[in-house]
Structure formats: C-alpha cells, structure tokens
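Reader: Hello! I have a chain open in my viewer and would like to talk through its side chains with you. Could we go one question at a time?

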Amino acid sequence: MAQSLEDLAALTDGAEAQPETPVHVQKLDQYGRAYATGKRKDAVARVWVKPGSGRIVVNDKEYTEYFGRPVLQMIICQPIMLTDRNGQYDIMATVSGGGLSGQAGALRHGISKALTHYEPDLRPVLKRNGFLTRDARVVERKKYGRRKARRSFQFSKR
C-alpha cells in the first residue's frame with residue numbers, strides 16, 4: 001500500500017497502459033443461430049438470426065402479415081437496412097405482451113442485439129444509432145386517491 005505521494009506516483013507510472021476495450025465474439029447456439037431478447041414497454045421479443053434468404057417470421061406469420069401498419073414494418077427493418085444486410089439473414093421471432101407498437105420496438109431491439117451476436121463488427125454502427133439501448137420508458141403506475149397516474153378527480157366546491 002502507498003504511504004506517500006511519491007509511492008503513489010511510482011505505482012501509477014508503471015500502469016500507463018489504458019484498459020483495453022472489451023472484445024466481442026460471435027455467440028451462436030448448436031444450430032448456428034444467434035439468439036437475443038429485445039424489450040420495449042411491456043413487450044418482450046425472443047429473436048433468432050441465421051443465414052438465409054431474408055425471411056422475417058413473427059409468431060409463425062410473415063412480419064408484414066403480423067404488423068399491418070407500414071410504420072411498424074419500417075421500424076422492424078431499420079437495423080437490417082442500416083447494416084446493409086437485407087436478404088442475408090432469416091429472422092425467427094416470438095413476441096408477447098404489450099401492444100403492436102411496443103412489440104415492434106422490442107423486435108427491433110432484439111434483431112439489433114442478435115445481429116451483434118452473429119456479426120460483432122456491426123456493434124459500433126448499431127450502437128451509434130441507438131438500436132442497442134433498451135428504451136426504459138414505461139407506463140407510470142396509478143396512485144391512490146387519483147383517477148390515473150397524475151389525473152385527479154374533478155373538484156367541486158359544493
């Protein structure tokens with residue numbers, strides 16, 4: 001243990017090397033797929049990514065059939081389009097909980113994480129665009145003595 005400032009300076013001179021950045025390695029299961037879990041609001045998406053023709057299956061349906069709105073389809077395809085991997089991976093996912101918008105956000109989060117497990121080199125691009133960050137915003141709980149989380153009952157002077 002360092003007893004004086006000179007001893008402390010001598011300790012820090014030897015440790016000039018910066019801590020190295022963590023090395024991300026490919027994480028695959030026994031079938032050659034990358035697995036990840038994505039979350040958004042109350043929705044949870046379990047995503048498997050493997051090389052293929054670019055098919056996206058959500059709860060045993062095509063994603064265009066499951067998510068009817070074009071905005072939700074665009075949200076799901078964002079990580080694939082950003083990394084120029086369109087048509088290279090088959091994605092199989094199961095989503096549960098929440099509404100369609102939350103499920104689409106959870107699926108985007110899961111696809112992004114699974115892509116980084118399959119190709120660790122894609123991590124900086126996806127992280128820079130915020131696709132690997134779990135959106136922590138959830139519904140505020142209802143408080144007692146109120147109608148909703150913040151809305152109170154109508155006041156009457158009578």
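Reader: Which residue forms a salt bridge with Arg85?

Author: Happy to start there, and please keep in mind that this is a predicted model. The closest N and O atoms of the bridge are 2.8 Å apart. Arg85 sits in the loop between α3 and β5, and its partner sits in the loop between α4 and α5 (123-128), so the pair links distant parts of the chain, 34 residues apart. The partner of Arg85 is Glu119.

Reader: Is Arg85 buried or exposed?

Author: The cut-off for buried is under 20% relative accessible area. Arg85 has a relative accessibility of 18%, so it falls in that class. Arg85 is therefore buried.

Reader: How many salt bridges does the structure hold?

Author: Arg85 with Glu119 is one of them. Another joins the side chains of Arg55 and Glu62, at 2.8 Å from N to O. In that second pair, Arg55 is partly exposed at 47%, and Glu62 is partly exposed at 28%. The structure holds seven salt bridges.

Reader: Which residues are linked with Asp135 in a network of salt bridges?

Author: One bridge runs between Arg137 and Asp135, with the closest N and O atoms 2.8 Å apart. Arg137 is exposed, with a relative accessible area of 58%, while Asp135 is partly exposed at 24%. The network also takes in a second arginine, so the residues linked with Asp135 are Arg40 and Arg137.

Reader: Let's turn to the rings. What is the angle between the planes of Tyr35 and Trp48?

Author: A pair of aromatic rings is described by the distance of the centres and the angle of the planes. The structure holds three aromatic pairs. For Tyr35 and Trp48, the centres are 5.1 Å apart and the pair counts as tilted. The angle between their planes is 45 degrees.

Reader: Which strands does the pair of Tyr35 and Trp48 tie together?

Author: The two residues are 13 apart in sequence, and each lies in a strand of its own. Tyr35 is partly exposed, with a relative accessible area of 34%, whereas Trp48 is buried at 14%. Tyr35 belongs to residues 34-40 and Trp48 to residues 43-51, so the pair ties together strands β1 and β2.

Reader: What kind of aromatic pair do Tyr66 and Phe67 form?

Author: Tyr66 and Phe67 are both buried. Their ring centres are 4.9 Å apart, with 75 degrees between the planes. Planes over 60 degrees apart count as edge-to-face, so the angle settles the class. The pair of Tyr66 and Phe67 is edge-to-face.

Reader: Which element gives the largest share of the largest nonpolar core?

Author: In soluble globular proteins, nonpolar side chains tend to be buried together. The largest nonpolar core here has 31 residues, and those with the most contacts inside it are Val47, Val58, Phe67, Leu107 and Ile111. Among the elements that give two or more residues to this core are β1, β2, α3 (70-82) and β5 (89-96). The largest share, seven residues, comes from α4.

Reader: Which residues is Ile111 in contact with, leaving aside its neighbours within four places in sequence?

Author: Ile111 is among the residues with the most contacts inside the largest core. Leaving aside those neighbours, its contacts include Val47, which is also among the residues with the most contacts there. The full list for Ile111 is Val47, Ile76, Pro79, Ile80 and Ile91.

Reader: What is the relative accessibility of Ser112?

Author: Ser112 has its place in helix α4. Not counting residues up to four places away in sequence, Ser112 touches Pro79, Leu126, Phe131 and Leu132. Ser112 counts as buried, with a relative accessibility of 0%.

Reader: How far apart are the C-alpha atoms of Met92 and Tyr144?

Author: Met92 is found in strand β5 and is partly exposed at 33%. Among the residues Met92 touches, beyond those up to four places away in sequence, are Arg46 and Trp48. Met92 and Tyr144 are 52 residues apart along the chain, and their C-alpha atoms are separated by 42 Å.

Reader: Last one: what accessible area do Leu5, Leu8 and Leu11 have together?

Author: These three leucines form a nonpolar patch on the surface. Leu8 has its place in helix α1 (residues 5-14) and is partly exposed, with a relative accessible area of 43%. Together, Leu5, Leu8 and Leu11 have an accessible area of about 340 Å².

Notes
Residues are numbered from 1 along each chain as its sequence is written. This is a predicted model: local features need pLDDT of at least 70, side-chain atom pairs count only at pLDDT 80 or more; totals for chains, interfaces and linings use all residues. Side-chain values use heavy atoms; hydrogens and water are left out. Patches are made of residues with over 30% relative accessible area and no salt bridge: like charges are joined within 9 Å, nonpolar side chains (Val, Leu, Ile, Met, Phe, Trp, Tyr) within 5 Å. Accessible areas come from the Shrake-Rupley method with a 1.4 Å probe; for residues, only the protein chains shown count as cover. A salt bridge is a side-chain nitrogen of Lys or Arg within 4 Å of a carboxyl oxygen of Asp or Glu. Helices (H or I, at least four residues) and strands (E, at least two) are DSSP runs, numbered from the N terminus. Buried means under 20% relative accessible area, exposed over 50%, partly exposed in between (1.4 Å probe, protein chains only). Rings of Phe, Tyr and Trp (its six-membered ring) pair if their centres lie within 6.5 Å; planes under 30 degrees apart count as stacked, over 60 as edge-to-face and the rest as tilted. A nonpolar core is a set of buried Ala, Val, Leu, Ile, Met, Phe, Trp, Tyr and Cys residues joined through side-chain atoms within 4.5 Å. Contact means heavy atoms within 4.5 Å.
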